[in-house]
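Q: I have a structure open here and would like to talk through a few spots in it. Can we start with a single side chain and work outwards?
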Amino acid sequence: MSIDALRGVAAIGVVLYHTNATPGVDRSLWWGDAFDDAMFLGKYGVWLFFVISGFCIHLQWARAQVQPGTRPLTFGEFWRKRIRRLYPPYLATLAFYIALRISQGVLQLDGLSAWQVFLHLFMLQNLDPRAISTMNNVYWTLAVEEQLYLLYFVFLAIRRRWGWGAALAAGVVGW
């Protein structure tokens with residue numbers, strides 16, 4: 001199975017999981033409990049995305065190590081591309097959400113809300129329990145993904161300097 005096919009499976013799983021959680025949908029008309037059980041597994045699609053992303057990032061680095069003339073993945077280059085691709089739509093949806101919630105009178109930018117917006121701007125909302133589910137509930141996945149990308153380069157540096165044993169030990173200690 002190709003990486004793109006796995007991404008597709010993960011995406012379909014996540015969509016089905018969220019469809020199953022839609023209030024007011026009578027799922028008993030579909031396939032009953034078996035369908036609900038299958039759709040429940042879709043929540044693992046997010047974790048599959050994390051694994052695929054990690055594989056793809058490391059694949060770029062590994063190819064550069066074995067193929068002559070291939071440039072290795074650098075921290076700066078990776079983040080420039082990532083920020084250009086991810087942040088414009090993320091910031092647009094975040095701004096839209098904030099404006100919508102303020103216009104509805106649901107969000108008032110008091111001290112806690114301003115702090116939550118700040119955390120969201122830098123994708124750190126999962127580090128404060130008061131901010132994880134604020135704004136848009138699915139943003140936590142982006143925050144975790146970005147933090148895992150940062151950690152990849154930390155573990156890569158540890159592995160280069162002290163070897164696999166040290167990198168694995170750091171992972172176990174950090175876990």
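Q: Is Q125 buried or exposed here?
A: In this predicted model, Q125 is buried, because its relative accessible area is 0%, and the cut-off for buried is under 20%.

Q: And where does Q125 sit?
A: Q125 lies in the loop between α5, which covers residues 111-121, and α6.

Q: What is Q125 in contact with, leaving aside neighbours within four places in sequence?
A: With those neighbours set aside, the contacts of Q125 are Y90, L119, H120, A131, I132, Y139, W140 and A143.

Q: What about F122, where is that one found?
A: F122 is also placed in the loop between α5 and α6, but F122 is partly exposed, since its relative accessible area comes to 49% and partly exposed covers the range between under 20% and over 50%.

Q: Which nonpolar surface patch does F122 help to make?
A: F122 joins L91, L112, W115, F118 and L121 in a nonpolar surface patch of about 530 Å², and the largest share of that patch, four residues, comes from α5.

Q: Switching topic, how do α6 and α7 pack?
A: Helix α6, residues 139-162, and helix α7, residues 164-174, pack at an angle of about 145 degrees, and their axes are 7 Å apart.

Q: Which residues make that contact?
A: On the α6 side the contact is made by F155, I158, R159 and W162, while α7 supplies W164, A166, A167, A170 and G171.

Q: How do they divide by character?
A: The residues of the contact between α6 and α7 comprise seven nonpolar, one polar and one charged.

Definitions and conventions. Residues numbered from 1 in each chain as written. Predicted model: local features only at pLDDT ≥ 70, side-chain atom pairs only at ≥ 80, totals over all residues. Heavy atoms only, no water. Axes fitted to C-alpha atoms, helices over the stretch in contact; angles between N-to-C directions. Helix = DSSP H or I, 4+ residues; strand = E, 2+ residues; numbered from the N terminus. Contact = heavy atoms within 4.5 Å. Nonpolar A, V, L, I, M, F, W, Y, C, P; charged D, E, K, R; others polar. Buried < 20%, exposed > 50% of the residue type's maximum accessible area, 1.4 Å probe, protein only. Patch = residues over 30% accessible without salt bridge, like charges linked within 9 Å, V, L, I, M, F, W, Y side chains within 5 Å. Areas by Shrake-Rupley, 256 points an atom, 1.4 Å probe, with all protein chains shown as cover. Salt bridge = Lys/Arg side-chain N within 4 Å of Asp/Glu carboxyl O.
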